[in-house]
Amino acid sequence: MDTKPLRIVSGLLFCIFVGSHTGQAIHQSTNYYGREIGSFASYAHGIKGTIYAADDTTIFIKGFSYDGTGPDAHFWAGNSSRPSPDGYIVPYPEDYKGRDPPKLEAYDNTDIVLKLPQGKRLRDIQWLSVWCRRFTVDFGDIFIPPNLDPPKPRVLPEFSRLAHGLRSGNISILDSKTIYIPNLHYDGAGPDAYFWVGTGTEPHLLGTKVPNEIGSLEPLRGYQGEDIEIVLPVNVTVYDIDWLAVWCVKYKQNFGHVLIPKDLDIPPALGQTKITPHWWYKPTSSTSEPATSKQELSNCKEFLEGRVQVQWELMGEDVQIQVSGRINEDQYVAFGLSGRHDKSHMIGGDVVVVAYDKKKGKYIAEDYYMSDYSQCDGKKGVCPDERVGGKNDAVLLHGDRRNGVTTVTYMRPLRTNEPVKDRMIPESETNVIAAIGPLNSRGEANAHEAFDKTTGDIRIDFTSKNVHECTNSLYNIPDMPDIEPWPQAVINDVDTFTARIGPTGGLRGYYRITGEVSWGIAWYINDLLIPEITVERGQTYKFIVEGGNDPTNPAKYHPFYITDSPEGGFGQKTEAQQRQQRVFAGVEYGNDGFPYPTAVGRYCEWVHKTIDKSKESETFQIFFKTLRLECVPGDPADLIWTVPEDAPDLLYYQCYTHNNLGWKIHVVDAGYRSQRNANDANKHTSILTIIIASIIVNALFAFLR
């Protein structure tokens, strides 16, 4: 039977349901507890339970029962021929306090995890018993087979090395949910990269994110030889996946991956597969009368290094909240409930966005639901509830702005009639999130990887009173300085160009120059980051292209072409979209009528020597010194281009297979360069004449004295 279609459908469902963060079970794997040894033989006190070898030091008892009436009963192990006083306690619970563990209490069909003490392994014992020390009585036991082979961690190859300096040591699967990645290197320059798992023969967009080593689903930072462990999401085990990758979601690029074999015999992840329930409350209506002016509320807490202060006070079935943020006029502050009640989590978050909308000339307090990190497309992303079929449950009360601080006061109910888009505020501590970001042209929150957001778990009890944790005056906090962008590089008076790949320069480079977010790489022309190039009509130019020639490795396959499209990516467009572009060089059509790129040469990339240093590099020249050039064997491609007389004034050099890697080509009339050089020469001559005349005059005055 061909299972490939089934696996594709399974992967699609896996992505859709995990990505939705609804808390619903997406996949129920067969329960796996390790190597089954057998069941307790019961002699007294209702001993029951099935015993498994989880690994060589861990025993799992499924459905343990014991009436708890023995005066001094413990789990007891030994190496004698049968249970006897010549044994030792296997402590339960494992983290008991004191020198001697407590006696066993009553258990009714309870799952138990036992860790053998003092470095003991299963091969060191012959039996496990429920044993009463006071009366030396065996209530129940099981014997360990001498040839037992417990599950063990599995060692895999290292990550494949495809992009952004990704590499590692041999990756290990420690148990069915835990993966150990030693000596991890990654430059951190991908704008939207995550640990990513899925099914199939290789990584693809129908995968799902895996939290990093601290349980966060933020885009991956840079790593410099660190050893980390990551844990698969709820209800997902290594038996459900075929690969682990570092994947860029925005640009659908695989930076490197390792395949997960199917013949795994690894320890189970005991206690890690319980579904965390979402908060769910019966909706009620709001009846409180809100205040109508700005006021000091009884509780206050700071976020984002003191740049945001939140005050709140419970008023009947509503909470009045006042958010103050040191932000620009084109920015917003978002504050609200985490997507998970037990930890801070942006996806699934229920927040209110406050800001001053300059275009509409009014303050806003808008209820948002965050189904994705992306900008709202009308269906998903960081969306106002009203745009995706919900309603705004935040009632604006007051807003003002002074001394660089925007303050907005609003009221929201504890409970709403929209349980999918709105979290209900519990009458206990819950995790909250906050962020600062830019408003887009619609006056909505524009989410992208550059915004500031809370990272640790922050909890608030909205029913509390007299919480005073605002220690700094918001108006005395200095403005956060913007990162200065690097000046735009310019190339004139050159007939030959080298085109290679390199990093985008973070917030100082590509993004600040173009206003677009790239997926972490861009064209370097003559070792400059996306310089603006000037060419003359009728003149011939040579581009030496080293953007990759292996289409099976899309992360390192960037054919060079010249177009009138500011986006590029001709090869990934539909026929209708391709007809909207005009191509000037680098693309030809075969006999079958399909386009193909011609400027395809070996791959050369400027890579980070360590991690991305753009933020602390005040100039591009300083940043460039933190890079090194890596080239694969082979020859570059030559693109020879004679600029047509009818070429428009503005063109772009781009990547055939990806969007947003290149920048502008200014096209000028023939003779422009000569005329400019002549003007420059005349200018220099005039300056030189003035200098010589000044020297002569000064010498004459000196002589006359």
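Which residue of β26 is the bridge partner of aspartate 400? In this predicted model, the partner is threonine 407. Aspartate 400 falls within strand β25, which spans residues 395-402 and pairs with β26 in the antiparallel sense over seven bridges. The two strands form a hairpin with two residues between them, and in that hairpin asparagine 403 takes a positive phi near 50°.

Strand β26 is also joined to β20 (residues 318-326), by nine bridges and again in an antiparallel arrangement. Threonine 407 appears in this pairing as well, as the bridge partner of serine 324. Nine of the nine residues of β26 (residues 405-413) are buried, so the strand is largely enclosed by the rest of the structure. Both of its faces are covered. On one side the buried residues are Val405, Thr407, Thr409, Met411 and Pro413, and on the other they are Thr406, Val408, Tyr410 and Arg412.

A separate description applies to the open sheet built from four strands in the order β10-β11-β12-β15, with antiparallel pairing. The edges are taken by β10 (154-155) and β15 (223-231); each has a single partner strand, so one side of each is left without a neighbour in the sheet. Within this sheet, β11 (residues 172-173) and β12 (residues 178-186) are paired over two bridges. Serine 172 stands opposite tyrosine 180 of β12.

Two residues other than glycine have positive phi values in loops that follow β33 and β34. Aspartate 527, with a phi of about 65°, is located in the loop between β33 (521-525) and β34 (528-529). Its relative accessible area is 25%, which makes aspartate 527 partly exposed, given that the buried class ends at 20%. Isoleucine 530 has a phi of about 30° and belongs to the loop between β34 and β35 (532-536). In contrast to aspartate 527, which is partly exposed, isoleucine 530 is buried, at 0% relative accessibility.

Aromatic contacts were also examined. The structure holds 32 aromatic pairs. In one of them, tyrosine 33 and phenylalanine 60 have ring centres 4.9 Å apart and planes at 20°, so the pair is stacked. Tyrosine 33 lies in the loop between α1 (4-20) and β1 (35-39), whereas phenylalanine 60 lies in strand β4 (residues 58-66), so the pair ties together parts that are 27 residues apart in sequence. Both tyrosine 33 and phenylalanine 60 are buried. An aromatic cluster is formed by Trp486, Tyr524, Trp606, Phe620, Phe623 and Phe624. Elsewhere, lysine 209 is placed over the face of tyrosine 194, at 4.1 Å from the ring centre.

In soluble globular proteins, nonpolar side chains tend to be buried together. The largest nonpolar core here has 42 residues, of which Trp523, Phe543, Phe560, Ile562 and Trp641 touch the most other members. Strand β33 contributes the largest share of this core, with five residues. Once neighbours within four places in sequence are set aside, isoleucine 562 is in contact with Phe543, Arg582, Val583, Phe584, Ala585, Leu639, Trp641, Leu651, Tyr652 and Ile665. Another core, of 32 residues, lies apart from the largest one and includes Tyr223, Val238, Val246 and Ala555.

Conventions
Residues are numbered from 1 along each chain as its sequence is written. This is a predicted model: local features need pLDDT of at least 70, side-chain atom pairs count only at pLDDT 80 or more; totals for chains, interfaces and linings use all residues. Side-chain values use heavy atoms; hydrogens and water are left out. Two strands pair if DSSP finds at least two bridges between them. Buried means under 20% relative accessible area, exposed over 50%, partly exposed in between (1.4 Å probe, protein chains only). Rings of Phe, Tyr and Trp (its six-membered ring) pair if their centres lie within 6.5 Å; planes under 30 degrees apart count as stacked, over 60 as edge-to-face and the rest as tilted. A charge sits over a ring if NZ of Lys or CZ of Arg is within 6 Å of the ring centre and within 35 degrees of the ring normal. A nonpolar core is a set of buried Ala, Val, Leu, Ile, Met, Phe, Trp, Tyr and Cys residues joined through side-chain atoms within 4.5 Å. Contact means heavy atoms within 4.5 Å.
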